[in-house]
Every structure is written in structure tokens, then in C-alpha cells.
Amino acid sequence: MPAPDISAALQRALALAAQAIGLSDPNPRVGCVILAPDGRELGAGHTQAAGQAHAEVMALRDAAMRSHDVRGATAIVTLEPCSHHGRTPPCCDALIAAGIGRVVVAVEDPNPLVAGQGLTRLRAAGIAVELADTATADAARELNIGFFSRMQRGRPFVRLKSAISLDGRTALPDGRSQWITGEAARTDGHAWRRRAGAVLTGIGTVLADDPRLDVRLVPTDKQPLRLVLDPQGRLPADARILQQPGEARAIGPGRADLPALLAELGRQGINELHVEAGPTLSGAFLDAGLVDELLVYQAPMLIGEGRPLAALSPLAQLGDAPRWRLVEATPVGQDLRLRLRPT
């Protein structure tokens, strides 16, 4: 009898977990595959919307619909099965009750309410538990980087997005910026918005461009919350950002209150915060060291005089400049997508 291909099943589970992007927030994106001893897939699923079934329950339901007996089977899960009662019962109890014989987990849950307790409960029930290799664990963690940030740091993972020319300009001197990048890059940008629990901009951007900042160029089950930093209450009642679909609202803190704002968004269950703002607010986030990732689309054009990516505080010397590590450089249509993180 051939042994189950655990490595392939983990990749399948990760692909399933990715289908929960734009659906499961504030819960993590999790995928689960159940394999028979001979390697056949008995069931598979991913986390649904908050309050609905988690990945393990979806996979068990799938197996039942296909009339498969899962007793003694192996469950491959991208995140440690939960062990606490939240909106739904514990997933580890569902696996135990179903008679699963072995569980392979990509990465442990950072939630203090779980944090290894799910694995302990499975082992106590006589189920063999294994952890995946480091590369798979990293992939699973990356898929839920915002959830890990909120659980471990109490704040969202902050991604700052910008579209720039080759000479680093985001707009003409009068603020006109449509369009620096091409259609493919704009669509790709919406896919990154879809990952976020909230999208944040400043009142200056709203007054100048009247953006919607929703997700409409890619399919999504859930719109991110749209936030406008507006300390002086200048947001027009008819601003497009306030229109459907989704929820939007103004928030009052100034740039000095950004750490407190992130902590509050963490308490509200925001895993990833997507910032699309002008130079002033972008510079405030960068100066405060609050940006976890830069998402930059660079277009093959030269603008000359214009607005910069960020209005940063002046440096005393070049050695004081913050350094960034290049995570990826990917062509998107005629443009280049750069992702960078602080070293």
C-alpha cells in the first residue's frame, strides 16, 4: 500500500487556505486535507467566514458527503487545530470524535488561547501528531502574517502601497496621478487590498482624488473596512469612500497617535492594514517605524518634478537611512512589483 504523500498534501492544504483570503478575517486562513492510509484524498476544505465552520470541520463534512470513513486517516492542517470555544467548538475535538489517527500540522497557532494546547489535546487522545518542515511552516505563517502579528504584537501587519515612476514620483506637482501604472498593476493592487482587514488613507488623499479604495477589480467575499484619518473632521458626506459596498468611517487621531491607532485596530480584529496614502501620512508611518512591508509598483516612466513616495524627516547623515530587504521583484504587466521589509 503506497504511503500518503504528506508534502503534496501540505501544498494542497496551503492552496486551500489561500482561498480563505477575503473571507475568513479576523480568523486565520487555514486549509485541511484528509488522506486515507493508501494516500487517497477523503476530504478537503478551508476556513469559512467568521462564525462558520473551520477548515477541519469543512474537510470532515466533505469526506462525509463523499461517503468516506475517516477513522485512522491522516489530517493535514496548515495551522494547529483550535482547542477553545470561540464562535465555533474546538476543531481538535472534531478530529478526535471523527477517529482521525494522525495529524500533521504546518505551524503552531500563535493565539494564546491555543498555543500548543490543541496539539496536547490531540496527543492525549492517542492521535499521532507531527509538525511540518521549516519551509512549509514559513509558508503557512506568511499566509497568516497579519494574524501572527495581531496575536504576538497586538497590532496589525502594516503594508504600505505606492505606485511610483522610475524617478520615485507618485504624482505631478498638482497631485494628478491617474495613471502612473498600468491596468495589470492596478488589478494586482486590488488583490493585495483584498488581503487586508482594513484600508487606511488620509483626508488629503480623499479631498484630492475622491478614491473608493474598495476591492472591485478582483472577486472577494468581504470588503475591507475603509478608514480615513481625518483629525479636523473635513470628510465630505458624499465622498465616494463612504459609499457601498462595505463599511467606511473617519477616525480622528493625528500622526502622533498612530501606534495607539494600530493597537486599537488590533483589538478590533484587524490582521492586515493596507495603507494607501499621500506623502504626508506615508511619511508619518515610515518615520514612526510602523511599516512592516512596502508594496511598490514602479512604472517605466520619468516624471521629473512631482510628489514623492513619502515626506520623510531629514537625515543627519546617509548612514542613518533605514535599510530595506527586497522580498520580491515581479513584473506585472508593463510595471514592476517590489515588496520590501525592514532589515
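**Exercise 1. Place strand S12 among its neighbours.**

Solution. Start with a pairing: strand S12 and strand S15 (residues 335-342) run antiparallel and are joined by 5 bridges. Two strands count as paired if DSSP finds at least two bridges between them. Helices (H or I, at least four residues) and strands (E, at least two) are DSSP runs, numbered from the N terminus. The model is predicted: local features need pLDDT of at least 70, side-chain atom pairs need pLDDT 80 or more, and totals for chains, interfaces and linings use all residues. Residues are numbered from 1 along each chain as its sequence is written, and side-chain values use heavy atoms, without hydrogens and water.

Next, take one residue. In S15, arginine 339 stands opposite leucine 295. Now turn to S6. S6 and S12 run parallel, with 6 bridges between them. Here lysine 161 is opposite leucine 295 of S12.

Last, check burial. Buried means under 20% relative accessible area, exposed means over 50%, and partly exposed lies in between (1.4 Å probe, protein chains only). In S12 (residues 293-298), 6 of the 6 residues are buried, so the strand is largely enclosed by the rest of the structure. Glu293, Leu295 and Tyr297 cover one side, and Leu294, Val296 and Gln298 the other; all are buried.

**Exercise 2. Describe the largest pocket, then the largest cavity.**

Solution. Fix the terms. On a 1 Å grid over the protein atoms alone, a cavity is a set of points where a 1.4 Å probe fits but cannot get out; a pocket is an open set with protein on both sides within 12 Å along at least five of seven lines; lining residues have an atom within 4 Å of a point. Grid points are joined across faces, edges and corners, and a volume is the space filled by probe spheres set on the points.

The largest pocket has a volume of about 1100 Å³. It is lined by 43 residues, and Thr205, Asp209, Glu276, Ala277 and Gly278 are the closest to its centre. Elements that each supply at least two lining residues include strand S6 (157-164), helix H7 (183-195) and helix H10 (279-287). Sort the lining: 19 residues are nonpolar, 14 polar and 10 charged. Nonpolar covers Ala, Val, Leu, Ile, Met, Phe, Trp, Tyr, Cys and Pro; charged covers Asp, Glu, Lys and Arg; the others, Gly among them, are polar.

Now the cavity. The whole structure has 1 cavity of 30 Å³ or more. The largest cavity has a volume of about 40 Å³. Among its lining residues are Asp25, Pro28, Asn144 and Phe147. That lining divides into 2 nonpolar, 4 polar and 3 charged residues.

**Exercise 3. Find the backbone exceptions.**

Solution. Recall the background: most residues other than glycine have a negative phi, and most peptide bonds are trans.

Look at the prolines. The bond from aspartate 25 to proline 26 is cis, with omega near 5 degrees. Proline 26 is in the loop between helix H1 (6-18) and strand S1 (31-35). The bond from glutamine 244 to proline 245 is also cis, with omega near 5 degrees. Proline 245 is in the loop between strand S9 (225-229) and strand S10 (248-251).

Then look at phi. Aspartate 210 has a positive phi near 50 degrees. It lies in the loop between H8 and S9 and is partly exposed, at 28% relative accessible area. Leucine 213 has a positive phi of about 55 degrees. Leucine 213 also lies in the loop between H8 and S9, but is buried, at 5%.
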